[in-house]
Amino acid sequence: MSNGYYTKNRYAVRFRLRAENLGGRIVISELLKFSLFGGANPIDVLAKPLDESEWNALFDESRRQAVTALTYDAIMKLPKEQRPPRSVLFHFASMTQTIRTDNNHRETVLACFAEKVNEELGIDTVVVKGSSIGRLYPEPMHRECGDNDILTGVDTDRVSRLFEDIVPIDRKDPRHDSLAFDGVMFELHRWLLYHGDDPDWTPVTMDDSLHLQHLPLEQEAFFIAKHIEHHSVFFHHRLRLRDLVDWSMLVTAQGFDRKKFNELKRGTDVEVFAELMTAYCARIFGINVGENDLRGLQPDDLEKIYMHCPERHRLAVVRVALRSWHYMRYARKYRRIYGQSMFRRFYINNLKIAIKQNLKP
């Protein structure tokens with residue numbers, strides 16, 4: 001028996017066991033692999049079909065992972081006899097329709113926003129995340145998205161003043177202004193990264209859209225890696241499957257230049273993190289991305305560190321204890337990712353921010 005055969009069947013057995021024990025994430029990731037990345041039908045390897053309670057659990061998990069519409073697409077590719085009962089399928093279909101309706105409204109409002117900004121100020125609207133990544137999906141309206149993130153840069157104040165007679169403007173965050181235009185939230189970013197260290201972004205026209213632009217794939221990937229890593233480390237946000245599907249869509253998109261991306265992230269705090277995320281996506285989705293420089297780490301380390309991290313507890317003392325234990329448990333892995341301990345990276349950074357804020361007049 002070859003090693004390849006043994007490895008393949010070992011993972012099939014592990015998947016089957018976890019699926020039957022309602023390991024929701026693994027079931028959904030296999031469905032998404034089947035639907036989006038050409039993987040095999042995962043239901044075929046199960047010892048018995050999923051029952052109604054298991055499908056309901058999978059539906060709940062898909063909502064937590066923000067991939068309900070994508071999971072519905074995968075389900076509709078299954079043979080009819082393998083699909084969930086009608087009552088569960090109705091939940092999937094209903095939620096998918098809601099996601100489509102919300103996205104269509106958001107896109108319509110975004111187009112109106114861009115037209116107004118171009119007409120009044122003569123500048124195009126640069127979209128990041130959201131619609132920019134959604135265009136890479138087979139069904140763009142099935143990617144869950146809440147607001148529109150806009151890179152307005154030095155024009156942020158001008159754009160905010162344009163709308164301040166229409167809607168209230170929230171200027172509390174120095175990184176971006178916020179507003180709700182026709183029921184859709186917009187964040188107008190002076191800068192995208194979190195330490196004022198943005199590279200020179202070079203937006204390009206978004207398909208055939210009037211007055212809309214997006215970042216080149218490599219720059220979008222750099223920002224997304226920074227965004228995911230920052231929210232995980234500093235806001236206690238666990239990586240979700242939607243983050244991983246986004247990432248897979250970016251790094252496998254036609255025209256993605258890995259060499260340019262490597263140059264962008266070299267020497268930054270996501271240099272190794274991005275490699276780890278790519279390797280993990282390659283493992284769970286089967287995407288072809290070549291070799292990754294993991295500095296001695298394993299793909300599953302992403303899951304241990306960034307997906308099984310402790311949630312934010314309401315009590316600060318418990319929060320610190322849980323976080324500290326997590327940092328100590330994976331101390332060596334964190335050092336390989338960041339070149340320093342997480343106590344230094346997280347707590348000293350927060351202390352500097354607190355001191356800076358308290359010194360403000």
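Trainee: Which element supplies the largest share of the lining of the largest cavity?

Mentor: The general idea is that rolling a probe the size of a water molecule over the atoms shows where empty space is left. Here a cavity is a set of points on a 1 Å grid over the protein atoms alone, where a 1.4 Å probe fits but cannot get out, and lining residues have an atom within 4 Å of a point. In this structure the answer is H13, with three residues. Before going on, remember that this is a predicted model: local features need pLDDT of at least 70, side-chain atom pairs count only at pLDDT 80 or more, and totals for chains, interfaces and linings use all residues. Residues are numbered from 1 along each chain as its sequence is written, and side-chain values use heavy atoms, with hydrogens and water left out.

Trainee: How many cavities of 30 Å³ or more does the count give?

Mentor: Three, and the largest has a volume of about 120 Å³. That volume is the space filled by probe spheres set on the grid points, which are joined across faces, edges and corners. Its lining is made up of Ser232, Val233, His236, Ile305, Tyr306, Cys309, Pro310, Arg323, His326, Tyr327, Tyr334 and Met342. Two or more of the lining residues come from each of H8, H12 (301-307) and H13 (316-329). Helices here are DSSP runs of H or I with at least four residues, strands are E runs of at least two, and both are numbered from the N terminus.

Trainee: How does that lining divide by class?

Mentor: There are eight nonpolar, three polar and one charged residues. Ala, Val, Leu, Ile, Met, Phe, Trp, Tyr, Cys and Pro count as nonpolar, Asp, Glu, Lys and Arg as charged, and the others, Gly among them, as polar.

Trainee: What span should helix H8 have, and what do its end C-alpha atoms show?

Mentor: The expected span is 1.5 Å times one less than the number of residues. H8 has 19 residues (217-235), so 27 Å is expected, and the 26 Å between its end C-alpha atoms agrees. Right after H8 comes His236, with a positive phi near 65°.

Trainee: Is H8 enclosed or not, and how many of its residues are buried?

Mentor: Buried means under 20% relative accessible area, exposed over 50%, and partly exposed in between (1.4 Å probe, protein chains only). In H8, 18 of the 19 residues are buried, so the rest of the structure largely encloses this helix. Take His230, which sits in H8 and counts as buried at 11% relative accessibility. Leaving out residues up to four places away in sequence, His230 touches Tyr194 and Phe235, a contact being heavy atoms within 4.5 Å.

Trainee: Which residues does Phe59 touch?

Mentor: Phe59 belongs to helix H3 (residues 52-64) and is buried at 8% relative accessible area. Not counting residues up to four places away, Phe59 touches Thr68, His91, Phe92 and Met95. Phe59 and Phe92 are 33 residues apart along the chain, and their C-alpha atoms are separated by 7.1 Å.

Trainee: Where is Ala66 placed, and what is the phi of Ala66?

Mentor: Most residues other than glycine have a negative phi. Ala66 has a positive one, near 60°, and lies in the loop between H3 and H4 (68-75). Ala66 is buried at 5% relative accessibility. Lys129 also has a positive phi, about 55°, without being a glycine. Lys129 is in the loop between strand E1 (125-128) and helix H6 (130-134), and counts as buried at 15% relative accessible area.

Methods:
On a 1 Å grid over the protein atoms alone, a cavity is a set of points where a 1.4 Å probe fits but cannot get out, and a pocket is an open set with protein on both sides within 12 Å along at least five of seven lines; lining residues have an atom within 4 Å of a point.
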